[in-house]
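Student: Can we go through this model together? I want the reasons behind the labels.
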Amino acid sequence: MRSTMPDFPLTLQHFLWRSTTLFPSKEIVTKREAGRHRYTYADFGRRVAQLAHALKDLGVGEGERVGTLAWNNHRHLELYFAAPCSGAVLHTLNPRLFPEHLAYVINDADDKVIFADASLLPALQRIAKQLKGVKQFVVMTDGPSPNGELTPLSSYEELLAGRPSVYPWPELDERDAAAMCYTSGTTGKPKGVVYSHRSSVLHSLGIAIGGGIGLQEADSILPIVPMFHANAWGLPYAATMLGAKQVFADRFLDPVSLTELIREEGVTFSAGVPSVWIPLLQYLDKTGTNLDGLRMFVGGSALSAGLYDGLTGHGIDTNQGWGMTETSPVAACATIKSQLTDQDRKAIRLKQGMPLAGIELRLANVETGESVAWDGKSVGEIQVRGPWVTGSYFRGVDADRFTADGWLRTGDVANVDPEGYIAIVDRTKDLVKSGGEWISSVELESAIMGHPKVLEAAVIGVPHPKWQERPVAYAVAKPEFKGSVSQDEILDFLRPLVAKWWLPDEVRFIDEIPKTSVGKFDKKVLRERALKAPAAAAPSE
Ligand code: ADP
């Protein structure tokens, strides 16, 4: 028997309709060089319609890609809706990619138009000659377009001016592409992941519900995670769906600007990678500032105990989630089950969470692929499937990342406890293999970052004649302890925390840990450096 329910398409058009109809006076705020830009969902809706007209006049057809090279701001949000709701595909571009990777992803996706923030135009100018398929560049500025090497180049505001503020939105199939994003290429060429309207809608519902990240209309939401990477973890879509106030920091990510924005715009929820929260925490410590009532969602890299304690100490309810570009990106969240006690809170929040409603997860032996028990100890590769987990890469590359029975091989090695909470041990490629045993670089890093004099730490495996690989730690001292913290101090601190053979052979102090284009520790760069100076000592036996 069939149901009586229609296949009403799950599209982003519904979010646009809902926010502009039910919450027309709620605000969207963007920090600027001087002051803030603020307008309402009603204004936003009118401009999204004008932008859709402009896209049509620029000749962007159904399914064609619209590239964006922009920070978190209201114009970027307009593109997040105008492109997919008019039947085109939003392609967010990461300005921090190497020029050759940026040119590669624009050409691979076959972007027809590229919208860029004025401050990011130089990144495009550098590769202009390689971009054969781009028919139009648009600079997202208040004034007219500047002169430059990019042609044809028009200005965003000039493009919208005078256009009708309603648009006859086309009927879309929920399975149509809405947006695409490339992995940041830490392990080779970037690979495209294409999100559908349906996956974007379901991901928004999945993260917003209680038991997921838990978001509501009354929240004031500040995504620090960039809109150019993995859809800012889906927050702009979820926030618009709810009609929540949205706050954008644009390119002003220093702790002073962020604290000001959080306090003055009543921000109740923010999200980002640990490397943005570390300097914020230092600032809160130094100035004795508390941010009571703020919920902070940390992901992309592990949340260390030190960062958790620090943020919590300033009144911030700190949570963690796990996911990847391939999973839209949020797939798990460290929600605390009702039968667990408050004492378990910290231990749970330091894990990467349990799968969201909609996501199925299994653990597979890295070598044999056999099922691994959820006992909180045995490790295996995380494999996931669900309506917002990609089933392939764009153009079918790297097909072996998907199992024959339809699961994504994430490349993350973890254990899962009997309650279903994941603890990431490492990415397969980052595990340190010493004497046939694995050492978790993530666990070592978290332990070192717990040292009161350490700001950041990253651990890599360096080749070793006897042990195959040995861990070497790179650490950055807090400014006030620069030059006054020693390797022995760190090793003494680690001794009671980790097995003897896990102790790094060396702790090298550096000024800054190199970061990837999305703010994670760039271990590729550290490995290259380490190869020039291999580990000296053997592990104590
Ligand atoms: P890239 O793959 O280019 O680094 P992604 O944002 O897709 O970009 O990264 C996804 C990866 O980030 C995951 O596979 C996992 O290794 C790591 N990751 C995500 N969240 C966490 C977390 N909470 N703790 C530890 N690692 C995480």
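Tutor: This is a predicted model, and we will take the ligand and then a sheet.

Student: What makes the aspartate 412 pair a polar contact?

Tutor: An N or O atom in the side chain of aspartate 412 is 2.7 Å from an oxygen atom of the ligand. The cut-off is 3.5 Å between N or O atoms, so this pair counts.

Student: What distance puts glutamine 320 in a polar contact with the ligand?

Tutor: An N or O atom in the side chain of glutamine 320 is 3.0 Å from a nitrogen atom of the ligand. That is within 3.5 Å, so the pair qualifies. Glycine 300 uses a backbone N or O atom, 3.0 Å from a nitrogen atom of the ligand. The protein buries 93% of the 560 Å² that the ligand exposes when taken alone.

Student: Which strand gives the most to the shell around the ligand?

Tutor: Strand β14, residues 317–323, with 4 residues. In total, 16 residues surround the ligand. By class, 3 are nonpolar, 10 polar and 3 charged.

Student: How do you know that β4 and β8 pair?

Tutor: DSSP must find at least two bridges between two strands. Strands β4 (residues 89–92) and β8 (residues 177–182) have 2 bridges, so they pair, in the parallel sense. Leucine 90 stands opposite alanine 179 in β8.

Student: Why do β7 and β9 stand at the edges of the sheet?

Tutor: The order is β7-β6-β5-β3-β4-β8-β9, an open sheet of 7 strands with mixed pairing. β7 and β9 each have a single partner strand, so one side of each is left without a neighbour in the sheet.

Notes: Residues are numbered from 1 along each chain as its sequence is written. This is a predicted model: local features need pLDDT of at least 70, side-chain atom pairs count only at pLDDT 80 or more; totals for chains, interfaces and linings use all residues. Side-chain values use heavy atoms; hydrogens and water are left out. A residue is near a molecule or strand if one of its heavy atoms lies within 4 Å of it. A polar contact is a pair of N or O atoms within 3.5 Å; within protein, one must be able to donate a hydrogen and the other to accept it, and residues adjacent in sequence count only if both atoms are side-chain atoms. Accessible areas come from the Shrake-Rupley method with a 1.4 Å probe; for residues, only the protein chains shown count as cover. Ala, Val, Leu, Ile, Met, Phe, Trp, Tyr, Cys and Pro count as nonpolar, Asp, Glu, Lys and Arg as charged, and the others, Gly among them, as polar.
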